[in-house]
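Please open the model in your viewer and keep the selection panel at hand. The tour below moves from one selection to the next, and each stop tells you what to look for once you are there.

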Amino acid sequence: MSTELGKAFARAKARGEGALVAYAMAGDPDLARSVDVFAAMVEGGADVLEIGVAFSDPIADGPVIQAASERALKAGATLRRVLDEVVPEVRRRCPETPLVIMTYVNVVMAMGEARYAKLARERGISGTILPDLPPEESAALRAAFDAEGVDLIPLCAPTTPPARAEGIAKDARGFVYCVSVAGVTGMRAELPPNLSERLDLVRRAASVPVVAGFGISTGEQAKSLVAHADGVVVGSALVRAAHSDGPQAAKQLCADIKRGLKR
């Protein structure tokens with residue numbers, strides 16, 4: 001596990017809280033103003049920032065993040081510009097908060113595995129999430145990341161068979177991203193009734209923290225999971241809040257989620 005991610009989860013645990021991994025799209029509404037959103041989320045209590053890098057075919061994302069991706073692409077938010085312009089400014093304003101890139105395999109491959117890993121490390125990125133990368137095809141990419149000390153963070157779907165989920169968890173870097181619901185990202189009124197059992201299974205096998213994501217949008221939902229996970233990921237609800245009402249709305253939602261994450 002990268003030192004920064006480990007420290008962030010440890011700090012949250014020491015405070016008697018689950019960790020909040022807060023997502024926003026770099027370049028939404030533009031490169032400069034997206035930095036304000038990331039900074040506001042940290043002010044609201046985010047423990048880890050998940051920085052979305054836009055892709056033209058975001059197959060894991062629902063309509064809220066798809067729309068944010070389109071706005072970011074129109075604003076010129078390429079991977080290189082995010083690493084060169086957004087990430088350094090977020091690091092300057094949030095120096096103690098680990099940063100994780102969330103994008104798609106094509107984006108990284110277009111830059112080059114080794115080149116991306118080197119730039120990510122130089123810019124202070126702790127890990128990367130690639131939701132369209134199957135574990136069976138990740139060896140070369142993970143080796144490139146390991147060489148630079150950047151965690152390739154795996155996802156575990158609700159449809160993943162238990163034995164395979166345990167294998168993913170045992171070999172994970174950074175943290176295990178347990179997908180709460182089948183389908184794409186987006187707010188859900190209710191989470192699956194068997195989610196806690198799923199999280200418990202993965203957590204028993206994992207040597208790194210386990211977080212739940214997809215569908216979580218309220219403090220009450222976070223509260224229902226805090227006994228079964230080391231944290232939660234919130235994305236669509238924060239993107240919607242920031243787009244509709246600005247960075248302060250994202251800050252307030254982070255604060256609400258953090259209240260739910262108190263053990």
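What follows is a walk through a predicted model, stop by stop.

**The annotated positions**

Begin by selecting Glu50 and Asp61, the two positions at which an unreviewed UniProt entry places the feature "active site". Glu50 sits in strand β2, which covers residues 48–52, while Asp61 is found in the loop between β2 and helix α3, the latter spanning 63–74. Are these two residues buried or exposed? Glu50 counts as buried because its relative accessible area is 2%, below the cut-off of 20%, and Asp61 is likewise buried, with a relative accessibility of 4%.

Now show the surroundings of Glu50, setting aside residues up to four places away in sequence. Its contacts include Val21, Ala22, Tyr23 and Ala24, and also among them are Phe38, Val100, Met102, Ile129, Tyr177 and Val233.

**The nonpolar core**

In soluble globular proteins, nonpolar side chains tend to be buried together. In this model the largest nonpolar core has 98 residues, and the ones with the most contacts inside it are Met41 and Tyr116. Strand β1, residues 19–25, gives the most to this core, with 7 residues.

Select Met41 next and display what it touches, again leaving out residues up to four places away in sequence. You should find Ala22, Tyr23 and Ala24, together with Ala46, Leu49, Leu238, Ala250 and Cys254.

**Strand β3 and Leu99**

Move on to Leu99, which lies in strand β3, residues 99–102. Leu99 is buried, with a relative accessible area of 0%. Beyond residues up to four places away in sequence, Leu99 touches Leu49, Ile51, Val87, Val90 and Arg91, as well as Gly124, Ile125, Ser126 and Gly127. If you draw a distance line from Leu99 to Tyr116, which is 17 residues away along the chain, the C-alpha atoms are separated by 15 Å.

**Two helices that cross**

From Tyr116 you can select the whole of helix α6, residues 113–123, and then add helix α7, residues 139–148; their axes come within 9 Å and cross at roughly 30°. The crossing of α6 and α7 is right-handed. Which residues of α6 and α7 meet? On the α6 side they are Glu113, Ala114, Tyr116, Ala117, Lys118 and Arg121, and on the α7 side they are Ala140, Leu141, Ala144, Phe145 and Glu148. Sorted by class, this contact has 7 nonpolar and 4 charged residues, with no polar ones.

**A buried lysine**

Turn now to Lys258, which is found in helix α12, residues 247–260. Lys258 counts as buried because its relative accessibility is 7%, under the cut-off of 20%. Apart from neighbours within four places in sequence, Lys258 is in contact with Arg15, Glu17, Gly18, Ala19 and Leu20, and on a later part of the chain with Gly44, Gly45 and Asp47.

**Around Gly235**

Select Gly235 together with Ile65 and Phe214, and measure between C-alpha atoms. Ile65 and Gly235 are 170 residues apart in sequence but 8.0 Å apart in space, and Phe214 and Gly235, 21 residues apart in sequence, are 7.6 Å apart. Ile65 lies in helix α3 and is buried at 3% relative accessibility. Phe214 is placed in the loop between β8 (210–213) and α10 (219–225), and it too is buried, with a relative accessible area of 9%.

**Two points of backbone geometry**

Most residues other than glycine have a negative phi, and most peptide bonds are trans. Stay with Phe214 for a moment, since its backbone has a positive phi of about 80° although it is not a glycine. For the last stop, select Asp28 and Pro29, which are joined by a cis peptide bond with an omega of about 10°. Pro29 lies in the loop between β1 and α2 (31–43).

Terms used. Residues numbered from 1 in each chain as written. Predicted model: local features only at pLDDT ≥ 70, side-chain atom pairs only at ≥ 80, totals over all residues. Heavy atoms only, no water. Axes fitted to C-alpha atoms, helices over the stretch in contact; angles between N-to-C directions. Helix = DSSP H or I, 4+ residues; strand = E, 2+ residues; numbered from the N terminus. Left-handed = near helix turned anticlockwise from the far one by under 90°. Contact = heavy atoms within 4.5 Å. Nonpolar A, V, L, I, M, F, W, Y, C, P; charged D, E, K, R; others polar. UniProt positions renumbered as here; feature names shortened; annotations may be inferred. Buried < 20%, exposed > 50% of the residue type's maximum accessible area, 1.4 Å probe, protein only. Core = buried A, V, L, I, M, F, W, Y, C linked by side-chain atoms within 4.5 Å.
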